[in-house]
Amino acid sequence: MPRLKVNGVAIDDTFAEAFGMRATAIVITAPNRKWARQAAVTMTGFATSVIGCGCEAAIDVDLAPSETPDGRPGCRVMIFAVSTDELQKQLQNRVGQCVLTSPGSACFAGLEGPNELKLGAALRYFGDGWQISKKLGGRHFWRVPVMDGEFVCEATVGMTKGAVGGGNLLLLAGSNAKALAAAEAAVAAINEVRGAIMPFPGGIVRSGSKVGGKYKGMTASTNDAFAPTLRGVTKSELEPDVNAVLEIVIDGETSDAVASAMRAGIKAVTQLGSAKGALRISAGNYGGKLGKFHYHLKDLLP
Amino acid sequence: MKALTFTLRAAPPERLDLSPLTPQGLAGLDKRAIQAIRLGQSKLASTVGDIFRIAGSNANSLVFEGGSSRFDGVATGMTEGTVRVAGDVGAQAGRGMRGGQLTIEGDAGPHAGSGMRGGRLEIIGSAGDHLGAPLAGELAGMNGGVLIVRGRAGAFAADRMRRGLIAVLKGCGDHAGSRMIAGTLVVTGGAGEMPGYLMRRGSILLDRAPKSLSPSFVECGAPDSVFAALMDRHLVTEDILKRPLLGRAPRRYGGDNAALGLGEILFPA
């Protein structure tokens, strides 16, 4: 495979393969940033992959008080799923169990669109008849009495059918510490991109997967081609000096958001250089037949 | 195209029903047809041509140059466009409005915005009794839209209101928001006796503690309120108020427990 080098970091002539998804976004506010983030982190826990969690979710950006509907600090959280029904179910359960319960929280639509999901319209029943409906300037809110006052929640939130899930970067390094340094640099850069999230722990995956496995019922199993300990015994993608690989998985509100995020990640990793970080950047795909969206690394160079 | 302008020739000799003069009612009519519309309610039977000089042709934007307390039913049932009255109006201005914008630069008589369902009605002067309220025999008053009175309103403002927003900026008479079914009434400058009397649901937002309340209202504390923050921002961004009304944690009274008891009266702590 011909390789291009930027600042000592080799870039594979390959592409990331990603899939169309349904996505929505909500704005969570609280009396201060700590509690806005706490509610957001709690509701996006166990939401790394649609394979086992039903959805993929993470904080998109922190919002200043001037950017939120109620003038308090907030976060924009994005949630991705493979179907509208599953997205509705995950949204309702997660906001109901994790945001409604968080002290001082309120929840607003973070996305507009012709397709809508229920938000407060489903959670209002917690009010047991004491809930109050308010329409202000074309927006509909539900006020649900709770023990610290009221949980205010917008009735509905928009949903996009144009979201993309599964953009990725594989960062190959000489040691675990260098792989982690490169991945952390990429995560920090991608966090600045609006409309893109990284649902895995801290934005990083160490257990990249391939489709299927030798055991019946396994829809995904270890990506042996990128596992350094299997270098001698399997058809490996790794050269002798690679000892650790970490992956960044990116979901975006639009295909452009995914491309921008991957571009920002590649820029950060190449700026860090091969001496401190990754020796090589690659990407995961399934031969190009499964996913509608292809992101060629050579098109995303800094 | 210039706004279709009705300039008052002289003080009207009788009460006028201006309800035919709406953007949707005049769309497609030529000047002669408009002049022939009967407005007078007595045997004088004044027509538009008797009362007004007409200029302009854009029926989507109506202007009345000069007003009178004999102008009844201005912009009744309007659904679109704008109507501006440079003067006073009589009873039932904007009654049953569904859309568009009605601006009254003078005072309005009783039942302004009665049974309104949508649109925006702004009265720069003061309004009479029964602002947004139902006529006798009707079950609900205002049912949507935004009604702003920059001056004072009379008694029974927002009576039986069901939906929408009414804001009265220089105080109102007794029994504001009586029998409210839902919706939001904002009063700055002081409300009269017993606001919210027999209200079922809905919110009455005041800039100060009410001078009297029906004894069937109960005190409900003053926790931090996101609703107050949303409301304050909405009132300022919509140019209804210049500064926030309620603050972070307004005091709340629930009632009227002589009726359903799901309503509230909020005012700054």
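## A partly exposed tyrosine and its partner

Let's begin with A:Tyr286, which has 37% relative accessibility and therefore counts as partly exposed. Keep in mind that this is a predicted model. A:Phe19 is also partly exposed, with a relative accessibility of 30%.

Across all chains there are eight aromatic pairs. One of them joins A:Phe19 and A:Tyr286 in a tilted arrangement, with 5.9 Å between the centres and 45° between the planes. The partners come from distant parts of chain A, 267 residues apart: A:Phe19 belongs to strand E3 (residues 15-29), while A:Tyr286 lies in the loop between strand E17 (278-282) and strand E18 (293-296).

## A stacked pair in chain B

Now over to chain B, where B:Phe6 and B:Phe64 make a stacked pair, 5.1 Å from centre to centre and with 15° between the planes. This pair, too, links distant parts of its chain: B:Phe6 is in strand E1 (residues 3-8) and B:Phe64 in strand E4 (residues 58-65), 58 residues apart.

Are these two rings buried or exposed? B:Phe6 has 0% relative accessibility, so this residue counts as buried. B:Phe64 is buried as well, at 1%.

## The wider cluster

Which residues form one aromatic cluster with B:Phe6 and B:Phe64? They are B:Phe52 and B:Phe71, which complete the group.

## A charge over a ring

One more contact is worth finding on your screen, and it brings together residues of chains A and B. The charged end of A:Arg143 is placed over the ring of B:Phe227, at 3.7 Å from the ring centre.

Methods
Residues numbered from 1 in each chain as written. Chains lettered and ligands numbered in written order. Predicted model: local features only at pLDDT ≥ 70, side-chain atom pairs only at ≥ 80, totals over all residues. Heavy atoms only, no water. Phe/Tyr/Trp six-rings, centres within 6.5 Å; stacked < 30°, edge-to-face > 60°. Helix = DSSP H or I, 4+ residues; strand = E, 2+ residues; numbered from the N terminus. Buried < 20%, exposed > 50% of the residue type's maximum accessible area, 1.4 Å probe, protein only. Lys NZ or Arg CZ within 6 Å of the ring centre and 35° of its normal.
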